[in-house]
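Colleague: I would like to learn how to read a few features from a set of coordinates. Where do we start?

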Amino acid sequence: MNIDPIALVLLISLAGGLGSVIRVYITRWEGPVPFGVILTNTIAAGLIGYIYSGNLTEAYLLIASIGFAGGLSTFSGIAKAGFDFWHTGRIAQILISLAANIVVPLLALMLVMYWF
């Protein structure tokens, strides 16, 4: 199925916006580490694993992965948390947060791709 390039860009934008709005609400969950950021990145990574394990057309892959999962995941949230932890002297929390935002989403991606 061929989608017009303009329509594809608009659909990716719409999906990215939806993912971003969902991210805003999930990332409000904070604690000793930014649990919401870890959760959004984990959901996005698992979604990417699921998307690429299926039989979607290229257009739908782009809409779901670059659009929705790209809008849902956040590097800026990790950077903001690191900045906040650094300026309050909480170095251990920076390291835990960074490790969790790398390991947990990658584990989710691998597990989803293994099961599907």
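**Reading the pocket and the contacts**

Modeller: The largest pocket is lined by Thr27, Glu30, Gly31, Val33, Pro34, Val37, Gly77, Lys80, Ala81, Asp84, Phe85 and Arg90. Keep in mind that this is a predicted model.

Colleague: How is such a pocket found, and what volume does the largest pocket have?

Modeller: Rolling a probe the size of a water molecule over the atoms shows where empty space is left. Here the volume of the largest pocket is about 220 Å³.

Colleague: Which element gives the largest share of the lining, and how does the lining divide by class?

Modeller: Helix 4 gives the largest share, with five residues. By class, five lining residues are nonpolar, three polar and four charged.

Colleague: How should I read a salt bridge, and how many does the structure hold?

Modeller: Side chains of opposite charge can pair when their charged atoms come close. This structure holds one salt bridge. Asp84 pairs with Lys80, with 2.7 Å between the closest N and O atoms. Both residues lie in helix 4 (residues 75-87), four residues apart, or about one turn of the helix. Both also appear in the lining of the largest pocket.

Colleague: Why does Asp84 count as partly exposed?

Modeller: Because its relative accessibility is 28%, and partly exposed runs between 20% and 50%.

Colleague: What about aromatic rings: how many pairs are there?

Modeller: The count is two aromatic pairs. In one of them, Tyr50 and Phe116 meet edge-to-face, 5.0 Å centre to centre with 90° between the planes. That pair links distant parts of the chain, 66 residues apart: Tyr50 is in helix 2 (residues 35-53), and Phe116 is in the segment after helix 5 (91-115). Tyr50 is partly exposed at 45% relative accessible area, whereas Phe116 is exposed at 56%.

How values were computed
Residues are numbered from 1 along each chain as its sequence is written. This is a predicted model: local features need pLDDT of at least 70, side-chain atom pairs count only at pLDDT 80 or more; totals for chains, interfaces and linings use all residues. Side-chain values use heavy atoms; hydrogens and water are left out. A salt bridge is a side-chain nitrogen of Lys or Arg within 4 Å of a carboxyl oxygen of Asp or Glu. Helices (H or I, at least four residues) and strands (E, at least two) are DSSP runs, numbered from the N terminus. Buried means under 20% relative accessible area, exposed over 50%, partly exposed in between (1.4 Å probe, protein chains only). Rings of Phe, Tyr and Trp (its six-membered ring) pair if their centres lie within 6.5 Å; planes under 30 degrees apart count as stacked, over 60 as edge-to-face and the rest as tilted. On a 1 Å grid over the protein atoms alone, a cavity is a set of points where a 1.4 Å probe fits but cannot get out, and a pocket is an open set with protein on both sides within 12 Å along at least five of seven lines; lining residues have an atom within 4 Å of a point. Grid points are joined across faces, edges and corners, and a volume is the space filled by probe spheres set on the points. Ala, Val, Leu, Ile, Met, Phe, Trp, Tyr, Cys and Pro count as nonpolar, Asp, Glu, Lys and Arg as charged, and the others, Gly among them, as polar.
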